[in-house]
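Please open the structure in your viewer and keep the sequence beside it, so that each selection can be followed in both. The tour below moves from one stop to the next, saying what to select and what is found there.

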Amino acid sequence: MACFLYIVEKFGIQMDMAKTKVVFIKDAPPHGRQGDIKDVAGGFFRNALMPRGVAVFATPDRIKQAEAMRRRREEGERLHHEQMEAYATKMDGIVLEFVKKANEKGGLFDALDTREIIQELHQKGFTAIEEKHIDLERPFDNIGEYTVTLRLGENLPTPALKVVIKEEE
């Protein structure tokens with residue numbers, strides 16, 4: 001606490017115990033994202049945000065840095081959205097084929113999960129696809145054809161992949 005008060009005195013930061021203006025330097029959902037400038041309770045800042053290195057006091061210099069961080073973040077999000085939009089048009093109807101060992105009833109010895117689907121998509125050039133994009137309730141554990149939908153983002157079409165699992169001979 002003494003260190004905290006020293007910082008407040010040394011830098012002349014105005015801190016009302018009710019609200020403190022902070023700059024988020026890391027994402028801290030649901031409180032703020034990198035580059036956000038928000039008013040938070042003084043105790044919350046002192047006890048939760050500052051010790052974890054998530055937020056700092058909002059000084060004029062840090063506010064300028066926060067605006068630059070926010071612009072970089074928004075530009076990255078825009079580029080990611082454009083990439084996902086391109087993927088959505090290219091991926092619709094793609095067929096992924098897998099060969100797996102199965103028993104005589106068609107049950108797989110090793111179920112097909114999102115990890116393997118992602119690896120196959122990466123080999124086909126869709127390197128930005130992550131596990132969170134694949135809508136798979138449970139791994140496929142039988143030979144056959146399945147449809148997998150992808151959630152690439154808000155306001156984007158949801159492409160459907162066709163997954164074919166064949167028996168290893």
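The lining of the largest pocket is made up of three nonpolar, six polar and six charged residues. This is a predicted model, and what follows should be read with that in mind. To find the place, select Glu77, His80, Lys132, Leu152 and Gly153, which among the 15 lining residues lie nearest the centre of the pocket. The space inside the largest pocket comes to about 320 Å³. In general, rolling a probe the size of a water molecule over the atoms reveals where empty space remains.

Stay with Lys132 and add Glu130 to the selection: their side chains meet in a salt bridge, with 3.8 Å from N to O. Is Lys132 buried or exposed? Lys132 counts as exposed because its relative accessible area is 54%, and the cut-off for that word is over 50%. Its partner Glu130, with a relative accessible area of 39%, is partly exposed.

Return to Glu77 and select Arg33, Asp36 and Arg73 along with it, since these four residues are linked in a network of salt bridges. The structure holds 13 salt bridges, and two others deserve a stop of their own.

For one of them, select Glu97 and Lys166, whose closest N and O atoms are 3.3 Å apart in a salt bridge. This pair links distant parts of the chain, for Glu97 belongs to strand β4 (residues 95-100) and Lys166 to strand β9 (residues 160-167), 69 residues apart. Glu97 is partly exposed at 46% relative accessibility, and Lys166 is partly exposed at 39%.

For the other, select Asp135 and Arg151, where the side chains meet in a salt bridge of 4.0 Å, N to O. Here too distant parts of the chain are linked, with Asp135 in strand β6 (residues 134-135) and Arg151 in the loop between β8 (144-150) and β9, 16 residues apart. Asp135 has a relative accessible area of 38% and is partly exposed, while Arg151, at 43%, is also partly exposed.

Next, select residues 60-91, which form helix α3, and follow its 32 residues from the first C-alpha to the last, a reach of 46 Å that is close to the 46 Å expected at 1.5 Å a residue. Which residues of α3 are buried? They are Ala66, Met69, Arg73, Met84, Tyr87, Ala88 and Met91, and the buried residues of this helix pack against β1 (20-24), β2 (37-40), α4, β8 and β9. After α3 comes Gly93, which has a positive phi, near 90°.

One of those packing partners, helix α4 (residues 114-123), contains Glu116, which you can select now. Glu116 counts as buried because its relative accessibility is 12%, and the cut-off for buried is under 20%. Leaving aside residues up to four places away in sequence, Glu116 touches Phe98, Lys100 and Ala111.

The last two stops concern the backbone. Most residues other than glycine have a negative phi, and most peptide bonds are trans. Select Asn155 in the loop between β8 and β9, and note that its phi is positive, about 60°, although it is not a glycine. With a relative accessible area of 76%, Asn155 is exposed. Finally, select Pro29 and Pro30, which are joined by a cis peptide bond with omega about 0°; Pro30 is found in the loop between β1 and β2.

Note on methods. Residues numbered from 1 in each chain as written. Predicted model: local features only at pLDDT ≥ 70, side-chain atom pairs only at ≥ 80, totals over all residues. Heavy atoms only, no water. Helix = DSSP H or I, 4+ residues; strand = E, 2+ residues; numbered from the N terminus. Buried < 20%, exposed > 50% of the residue type's maximum accessible area, 1.4 Å probe, protein only. Contact = heavy atoms within 4.5 Å. 1 Å grid on protein atoms, 1.4 Å probe; cavity = no way out; pocket = protein on both sides within 12 Å on 5 of 7 lines; lining within 4 Å. Points joined across faces, edges and corners; volume = space filled by probe spheres on them. Nonpolar A, V, L, I, M, F, W, Y, C, P; charged D, E, K, R; others polar. Expected span 1.5 Å × (residues − 1).
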